[in-house]
Amino acid sequence: MVRRETDMAENKREPVLVLRGLRAGIGGVEILRGVDLTVHLGEVHAIMGPNGSGKSTLVNVLAGKPDYEVYAGEVYYRGRDLLSMPPDERAREGVFLAFQYPVELPGVRLREFLRAALDAVREHRGLEKLAVRDFNRLVQEKLREMGMDAEFLKRNVNEGFSGGEKKRHEIMQLLLLDPTLALLDETDSGLDIDALKVVAQGINRFRGPDKAVVLVTHYQRILNYVQPDYVHVLIDGRIVASGGRELAQELEAKGYEWLRQAAEAGRRD
Amino acid sequence: MTQAPPVYETYARRFRELEAGRSEPDWLRELRREALGRFLDLGFPTARRGNEPWKYTDVGPVARTVFGPPPARPPLPLERLRRTLPWRPTWRRAVFVGGRYRPELSHLPAAGEEVTVLPLSRVLSQGDDLLERHLARYATYQDDAFAALNTAFFSDGALVVVPDGAEPERPLHLVFVSPESEGPYVHYPRVLVVLGRQSRLCLVESYLGLGDGPYLTSAVREFYLGEGAALEHYHLLLEGEAAYHVGQARFYQERDTSLRSVFFGRGCAIGRNDVRVDLDGPGSEAYLHGLYVTTGRQHLDNYINIDHIKPHCTSRLFYRGVLDGESHAIFGGTVYVRPGAQKTDAEQEDKNLLLSREAEVDSKPALEIYADDVKCGHGAAAGAVAEEALFYMLSRGIGPVLAQTLLIKGFASSVLDEVRLPALRTQLDRLLVDSLPRLRTEE
Ligand SMILES: Nc1ncnc2c1ncn2[C@@H]1O[C@H](COP(=O)(O)OP(=O)(O)O)[C@@H](O)[C@H]1O
Ligand SMILES: [Mg+2]
């Protein structure tokens, strides 16, 4: 197994997310086959891997998508057992998933949706409900930051949004709801270079010493704009390599195949 | 029917008693006798094979119950009426309780407001030209036992007349309250609305049940739209849990008329929302939107017929259902396009959201087309709440009950967005949520 040791134990900051031997899948079919990962506050971790390697499965399991089953392992979020929390509680506790394929909500206006979400997380944080004017101001500011028109508020959530608009909208919600841990599932895919920059700016704006980001991506392109602290390669449900930014560049040059072969060779040993 | 079972004898006896006490013009007396005769001949419809209109609804319990008269002076929780119904001070209102007009609860339009509303109990004895011309013309009873029953027995209701060219400003609200009672009773709301040429009206009709016991509301409403007239119509069905309700609306449209109707119906023990639209003049349009919500063991049968008799008419029939518990809802919509009704443009669709596995919907949109130059379409769908959508909301921190509420409201919005009265829209949003006990647990 190719493993570039980066000594995370040295890091004295609070581990926000700890995965130990996570095995999960759907309908008895194991997709994640033992994942270990530790993320501290202040860090950005990129998770790369070919299609079908289990990247979406990983972040969906962390967000609590009901389709998935956990067979073994543990997940701690800020020291609490994440897997025992219902998905809405995880979100209120500060776990945010930007969907690879954001879901359309027929008949649900974006304004109403954002209002419900913001009220829920604010109440959980012991904050007052925002007055309508303050809410409008805040939402419009976040929309503007992501290059979105206020007209979106009258539209149904994600309905008729272009691919790029859907992704920008996800990051807009990230900025609005201001969670602790952002799980971004291929937020870069399908974006032209301008949209990619806007999305990257949004993520960078979110970054900070009391935030953490798990950035799932297929290509290293976005990593030119969002500099990760760590890069992990997920293949066939296992992290087969971890390293710094240079690992992403190596992948860009060599592709995934060498890692897959190395991983298989390692497994045969 | 050779041997009338006791129930029918009760109806016949009751009719003779009523007739003896009535002083009505001959034409009406004749009409009622004929209607009673038809009722006794036809008997209550049964859900047997071959009886398509009643295929999914068994009115056996109605046929077996001996209903008394409604309570004479029942207590009225006014606050509840105000809270449940869109009770606006600016609207005009005629309120009927247990089938009787209640002036102290009503606020009829004054002279000069371009619409007259008369309680039928005040016109039946002296007779009325418009009544004679229109009554039972559109709600034909020859082949319809419930229309016959109502025609024979109704004693009150509303006669609404909008003169040619008149455009009353304020919405008119007809309220039919089914009060609480010791034993089962029947009441027979009756409405006749006559819109003169080039007139318009905004009318809301509400049926509200207050008690938990069984009763029968047999309601017949006839709407005549004179040339160029426009009717904005809302219909709220909010009967009691154990109620039997058979409501029949008949819209007759002359040329260049416009009907826009929105229905909101909550289920009851047996509910029937029977609507018929006759597009009998070219250039007319009928837009019928409906939302039905059933829970527990409720039953609601939407039976809707749109008849394109003349060419160049447009119709839209868009219904949606939200079903929970072990409830049963039916959508039977048929659009007929008669020979010669060329350039008909008709669409209908019924969609259902099933919140429980035990809920059941029979959705049967149908087209019967006998003309060749037409544009018609229909569709039906039923499905559960989309898990993906629910998870998306949960992943934003929204609790499961609120998430469901938002999704259900979203589903209903294509119907409720058709409501043009803001006060009513707000009220319907609330009624939708109140009608679904599963949405009441949190928040
Ligand atoms: N709903 C599902 N049912 C069955 N298999 C699934 C489902 N979702 C994903 N998979 C399988 O799990 C594997 C990993 O999928 P996924 O996590 O989406 O990968 P990635 O995001 O890395 O492309 C794939 O082989 C995929 O076919
Ligand atoms: Mg994926």
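This note sets out, point by point, some features of a predicted model, taking chain A before chain B.

1. The magnesium site. Two protein donors are found for the magnesium ion (ligand 2): the OG atom of Ser56(A) and the OE1 atom of Gln100(A), lying 2.1 to 2.2 Å from the ion. These donors join distant parts of the chain, for they are 44 residues apart. Ser56(A) belongs to helix α1 (residues 55–63) of chain A, whereas Gln100(A) sits in the loop between β6 (95–98) and α3 (110–124) of chain A. Gln100(A) has a relative accessibility of 16% and therefore counts as buried, the limit for that class being under 20%.

2. The open sheet of chain A. Four strands of chain A make up an open sheet with antiparallel pairing, in the order β2-β1-β4-β5. Its edges are formed by β2 (29–40) and β5 (80–81) of chain A, each of which pairs on one side only. Nine bridges connect strand β1 (residues 15–26) of chain A with β2(A) in the antiparallel sense. Across this part of the sheet, Ala24(A) faces Leu32(A) of β2(A).

3. The helix on that sheet. Helix α1(A) packs on the sheet and touches β1, β2 and β4 (69–77) of chain A. The direction of α1(A) makes about 115 degrees with that of β1(A). Helix α1(A) is also the element that holds the magnesium donor Ser56(A).

4. Strand β6 of chain A. This strand is covered on both faces. Val95(A) and Leu97(A) are buried on one side, and Phe96(A) and Ala98(A) are buried on the other. β6(A) pairs with strand β7 (residues 181–185) of chain A in the parallel sense, over four bridges; within β7(A), Leu184(A) stands opposite Ala98(A).

5. A helix pair in chain B. The axes of helix α1 (residues 6–21) and helix α7 (residues 145–153) of chain B are 10 Å apart, and the two helices pack at an angle of about 30 degrees. That angle is under 35 degrees, so α1(B) runs roughly parallel to α7(B). On the α1(B) side the contact involves Tyr11(B), Arg14(B), Phe15(B) and Leu18(B), which meet Leu149(B), Ala152(B) and Phe153(B) of α7(B). By class, the contact of α1(B) with α7(B) comprises six nonpolar residues, one charged residue and no polar residue.

6. Strand β12 of chain B. What encloses strand β12 (residues 258–266) of chain B? The rest of the structure largely does so, because eight of its nine residues are buried. β12(B) pairs in the parallel sense with strand β10 (residues 230–238) of chain B over eight bridges, and with strand β14 (residues 285–294) of chain B, also in the parallel sense, over nine bridges. In the pairing with β10(B), Leu237(B) has Gly265(B) as its bridge partner; towards β14(B), Ser261(B) stands opposite Leu288(B).

7. Two buried residues of chain B. Ser218(B) lies in strand β9 (residues 215–225) of chain B and, at 0% relative accessibility, is buried. Apart from neighbours within four places in sequence, its contacts include Phe146(B), Asn150(B), His187(B) and Val246(B). Arg272(B), in strand β13 (residues 270–279) of chain B, is likewise buried, at 2% relative accessibility. With neighbours within four places in sequence again set aside, the residues in contact with Arg272(B) include Trp54(B), His245(B), Val246(B), Asp301(B) and Tyr303(B). Val246(B) thus touches both Ser218(B) and Arg272(B).

Definitions and conventions
Residues numbered from 1 in each chain as written. Chains lettered and ligands numbered in written order. Predicted model: local features only at pLDDT ≥ 70, side-chain atom pairs only at ≥ 80, totals over all residues. Heavy atoms only, no water. Donors = N, O, S within 2.8 Å, 3.2 Å for Na, K, Ca; no water. Buried < 20%, exposed > 50% of the residue type's maximum accessible area, 1.4 Å probe, protein only. Axes fitted to C-alpha atoms, helices over the stretch in contact; angles between N-to-C directions. Parallel < 35°, antiparallel > 145°, perpendicular 65-115°, else oblique. Contact = heavy atoms within 4.5 Å. Nonpolar A, V, L, I, M, F, W, Y, C, P; charged D, E, K, R; others polar. Pairing = 2+ DSSP bridges.
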